[in-house]
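Student: I am new to this structure and would like to look closely at a single part. Please pick one sheet, go through it strand by strand, and then tell me what lies around it.

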Amino acid sequence: MSCRNIRTIGDELLRKKSRPVEEINERILELLDDMAETMYQSGGVGLAAPQVGVLRRIAVIDVGKEFGDGLLELINPEIIAASGEQTDAEGCLSVPEYIGTVTRPLTVTVRAQNRNSETYEKTVSGFFARAVCHELDHLDGVLFVDHAVEIQKREEE
Ligand code: NI
């Protein structure tokens, strides 16, 4: 397992549409492991493959114990149901200096494959739903700044 470099806004690759994964092979499993490692090392709650330079429809999410239940791996994810609305602050490892206020569905059902090529569906709400929407946007070249109603520079720590 190793950390990969995270691409940041301005990098053209972040704006491209990712292709579906056709076969979950060793390379994909290694990518999943590296993405999780990169996300945890960077203190993020989600990471999409384009952020590490790979244009494949893959994301990892771990919103922590308060909101979720550990690492979620999503291969070829799609949102199959969405309801409600929430407006809250959102950040991104690829947009390190800014935080935006973004409106997202309150609840979403996502369908994806896991690393064993099994298709699953998961319904999540609140912060978890926000993370799912945010990561799926990355797979279509969309960043939160594209639909933020307000963007603020992060305070220096
Ligand atoms: Ni992001």
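Tutor: Let's begin with a single pair: Thr101 has Glu150 as its bridge partner in β8. A strand here is a DSSP run of E at least two residues long, a helix is a run of H or I with at least four, and both are numbered from the N terminus. The model is predicted: local features need pLDDT of at least 70, side-chain atom pairs count only at pLDDT 80 or more, and totals for chains, interfaces and linings use all residues. Residues are numbered from 1 along each chain as its sequence is written, and side-chain values use heavy atoms, with hydrogens and water left out.

Now for the sheet itself. It is open, with three strands in the order β4-β5-β8 and antiparallel pairing (strands pair if DSSP finds at least two bridges between them). At the edges are β4 (86-90) and β8 (148-153), each pairing on one side only. From one strand to the next the twist averages 20°.

On one side of β5 (residues 98-104), five bridges join this strand to β4 in the antiparallel sense. Two of the pairs are easy to find: Ala89 has Thr101 as its bridge partner in β5, while Glu90 has Gly100. On the other side, β5 and β8 are also antiparallel, again over five bridges. Thr101 is a handy landmark, with Ala89 as one partner and Glu150 as another.

Stay a moment with Lys153, which sits in strand β8. Is Lys153 buried or exposed? Its relative accessibility is 52%, so it counts as exposed (buried is under 20% relative accessible area, exposed over 50%, partly exposed in between, with a 1.4 Å probe and protein chains only). Setting aside neighbours within four places in sequence, Lys153 is in contact with Glu97 and Tyr98 (contact means heavy atoms within 4.5 Å). Ile80 is 73 residues away from Lys153 along the chain, and their C-alpha atoms are 33 Å apart.

Next, look at what covers part of the sheet. Helix α2 lies across β4 and β5, running at about 70° to β4 (axes are lines fitted to C-alpha atoms, for helices over the stretch in contact, and angles run from 0 to 180 degrees between N-to-C directions). This helix spans residues 126-138 and holds both His134 and His138, four residues apart, or about one turn. Both of these histidines are buried. They also coordinate a nickel ion through their NE2 atoms, joined by Cys92 through SG, at 2.0 to 2.2 Å (donors are N, O and S atoms within 2.8 Å of the metal, or 3.2 Å for Na, K and Ca; water is not among the atoms, so sites may look incomplete). In sequence, the spacing of the donor residues is C-x41-H-x3-H.

Helix α2 leads us on to the largest nonpolar core, which has 18 residues; Ile61, Leu74, Val108, Val124, Phe128 and Val132 touch the most other members (a core is a set of buried Ala, Val, Leu, Ile, Met, Phe, Trp, Tyr and Cys residues joined through side-chain atoms within 4.5 Å). At least two of its residues come from each of β2 (58-61), β3 (72-83), β6 (107-113), β7 (119-125) and α2. The biggest share is from α2, which gives six. A separate core of 14 residues includes Ile24, Ile28, Leu32 and Met35. As for Phe128, beyond its neighbours within four places in sequence, it contacts Ile61, Val63, Phe67, Gly68, Asp69, Leu72 and Lys122.

Strand β3 also contains Pro77, which counts as buried because its relative accessibility is 6%. Not counting residues up to four places away in sequence, Pro77 touches Arg57, Val110, Arg111, Ala112, Leu136 and Leu139. Between the C-alpha atoms of Pro77 and His147, 70 residues apart along the chain, the distance is 21 Å.

One last stop concerns the cysteines. How many disulfides does a search of the whole structure find? Zero, where a disulfide is a pair of cysteine sulfur atoms within 2.5 Å. The sulfur of Cys133 has its closest cysteine sulfur in Cys92, but at 14 Å that is too far for a bond. Cys133 is buried, with 7% relative accessible area.
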